[in-house]
Amino acid sequence: MAPLRAVPPDIAQAIADAPWRGGLEPAPQVDVTNAIVVRGRIPPECAGVVYRAGPGRTRLGSTKYAHWFDGDGYVAKVELCAETNTATCAGRYVETSRWLAQRESDGGNGADDAVGRSGVAVRGAWTQASGLFKNLGKFPTNPSNTSVMVHAGKVLALCEGGVPVEVDAKTLATKGEVVFGPELPMGFSAHSKRDARDGTVYTWGLKKPPFIGLSVAKIDAAGKVTGVADMPFPSTPEFALLHDCAMSENYLTFFICPWVLPPANIAGALSGLKSFGHSFEWTNERDTWMVVMRKSDLSVVHAKYIPRFSSYHVCDSYENGDELSVLVCKLRGDRAGLERNFADMYNAEWSSRHYNNLHELKIDIKTGDVLSDTPVIPANANGEKNPSKMIGMEFPAVSPHTKGQRKPKYVYTLANTDGEHGYFDAFQKLNLETKTAETRLSASGHFPHEAEFIPKANANEEDAGYLVHFEYDARRKAANVVIVDAQRFTDMPVAVIELPFHVPYTFHGTFVQA
């Protein structure tokens, strides 16, 4: 592992002011190496590989990218062996065309903090390249930084900015772009949904230029495209940032929030004169556009406006007779304020308004009407700190045994308690039956990533399983992997594994059982 160069003074000061920001620092390139189990034992059900993806670097030397989501993609993996109670790990940048262009421009491999001397080499979705002519006529590039999916025998790094990129399952070396079919849209969602019953994957994304709008597609377990359909819009097709989707047994439900590209901004955004992502604005002149599609043939069941809200993520969806329920994260504050934090993470300050409440929307399948829209449990008001109520949250998870099939009793969320940490510092276990929560606070200086729920073998209880998550350890300036028994949610971890390198905050990932 090459050592990082001196940290620019303004970055060093930002981290000193709020230690969680150290979790944004550039990642190193790490070949497969040993990790150390420093506490407990790895449960047999957790034997396998945890893959995580996120922005490996959000700055090039002293030049910061203009949005967290523009950071260069990085995949980390931890392979857990329960029999020997050992682990190995690795971390590598996804060598996308933009990553290679940056290396060609000024050298560096992601671990060298001197990169960026020549400026930003290519245009990103939010970050303009250094120099007018590097932007003109250039469509934003794909950072491949959001999630990992294993499909059709391939480990894929995903981002809706482009097609999947395959990485080697063992070494994480980049193998190249994967195009399942020419009829697919340009984008391939980082939240593509896999139906566990038959292995079908449902994905969506922006259409290929010069066409405007979104398409939805389904791909079978072998990687064959079996259907593509246009996403309906209220009038004419638009550029829409659609991050997630809810999947039940028979339906896909999409929510397109009114974070829009105004007509006056289109020319600048598409020509390259202006940032594409920063050309979007919130409007109160329209509501949220809901689309429900049948999984069987991608036909549209309903397409209509519902009361507006802002959301990045959904949690789950299930059917009950003529009702379709969706568990969706609804932002407490304003979208523009959230995006300002994302635009400069090293100076971001977080409050409960930057997080979500988890709501249950009940939809009449026959009419498309929203029958009810309520928080799944009572939520803390701004300034309230009751650990048995819902805290401002993100990244919800449920057991795969209930997902898409029936209403879960438990939802696990990543939370910010608005305490001394200043960032995500806790998990909550929301009980949707008792309408209460348990809160698991991280140790000081430990900042958790999204958790993966891994069920216990031969257990009937819904919460019989383990939560496995990465965390940034500010003292070590490195990553840990933490395993928690979901049934003993507030007890000490079942196991803690220390990685010998830093993994910046990841967005999403997957677990592949041995």
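**Group meeting: four histidines, a sheet and two helices**

Let's start with H191: its relative accessibility is 11%, so it counts as buried. Keep in mind that this is a predicted model. H191 sits in the loop between β10, residues 174-177, and β11. What does H191 touch, leaving aside its neighbours within four places in sequence? The contacts are W204, H243, D244, H313 and H508.

Three of those histidines come up again in the record. The UniProt annotation "binding site", from an unreviewed entry, covers H191, H243, H313 and H508. These residues span 318 residues in sequence, yet no two of their C-alpha atoms are more than 12.4 Å apart, so they gather at one spot. From this set, H243, H313 and H508 are part of the lining of the largest cavity.

Okay, H243 next. You'll find H243 in the loop between β14 and β15, the latter being residues 246-247. Is H243 buried or exposed? The cut-off for buried is under 20% relative accessible area, and H243 comes in at 13% relative accessibility, so it counts as buried. Again leaving aside neighbours within four places in sequence, H243 is in contact with T146, E160, S189, H191, W204, Y312, H313 and H508. With E160 there's also a polar contact between the two side chains, at 2.6 Å.

Now the sheet. The loop of H191 runs into β11, and the loop of H243 comes off β14. Those strands belong to an open sheet of four, in the order β11-β12-β13-β14, with antiparallel pairing. Which strands are at the edges? They are β11, residues 193-194, and β14, residues 225-230, and each of them pairs on one side only. Further in, β12 (residues 201-206) and β13 (residues 214-219) run antiparallel to each other and pair over six bridges. If you want one pair to click on, take G205, whose bridge partner in β13 is S215.

On to the helices, beginning with α2, residues 97-106. Its buried residues are R98, W99 and Q102. Look down the axis of α2 and these buried residues fall within an arc of 105°, so they line one face of the helix. A quick reminder of the geometry: an α-helix has 3.6 residues a turn, so residues three or four places apart point the same way. On the other side of α2, S97 and E104 are exposed. What covers the buried residues of α2? The cover includes β2 (48-57), β3 (59-60), β5 (72-81) and β6 (86-93). Straight after α2 comes G107, with a positive phi near 80°.

The other helix is α4, residues 335-343. Here the buried residues are R335, G337, L338, E339, N341 and F342. Their cover includes β17 (259-260), β18 (281-282) and β22 (323-331).

One more histidine before I stop. H354 is in the loop between α4 and β23, residues 356-364. H354 has a relative accessible area of 17%, so this residue is buried too. Which residues does H354 contact, beyond its neighbours within four places in sequence? They are L331, G337, L338, N341 and E349. Among these, G337, L338 and N341 are also on the buried list of α4.

So, to take home: the annotated histidines gather at one spot, and H243 has that side-chain polar contact with E160.

How values were computed:
Residues are numbered from 1 along each chain as its sequence is written. This is a predicted model: local features need pLDDT of at least 70, side-chain atom pairs count only at pLDDT 80 or more; totals for chains, interfaces and linings use all residues. Side-chain values use heavy atoms; hydrogens and water are left out. Two strands pair if DSSP finds at least two bridges between them. UniProt positions are given in the numbering used here, feature names are shortened, and annotations may be inferred rather than shown by experiment. On a 1 Å grid over the protein atoms alone, a cavity is a set of points where a 1.4 Å probe fits but cannot get out, and a pocket is an open set with protein on both sides within 12 Å along at least five of seven lines; lining residues have an atom within 4 Å of a point. Buried means under 20% relative accessible area, exposed over 50%, partly exposed in between (1.4 Å probe, protein chains only). Contact means heavy atoms within 4.5 Å. A polar contact is a pair of N or O atoms within 3.5 Å; within protein, one must be able to donate a hydrogen and the other to accept it, and residues adjacent in sequence count only if both atoms are side-chain atoms. The arc is that of the directions from the helix axis to the C-beta atoms.
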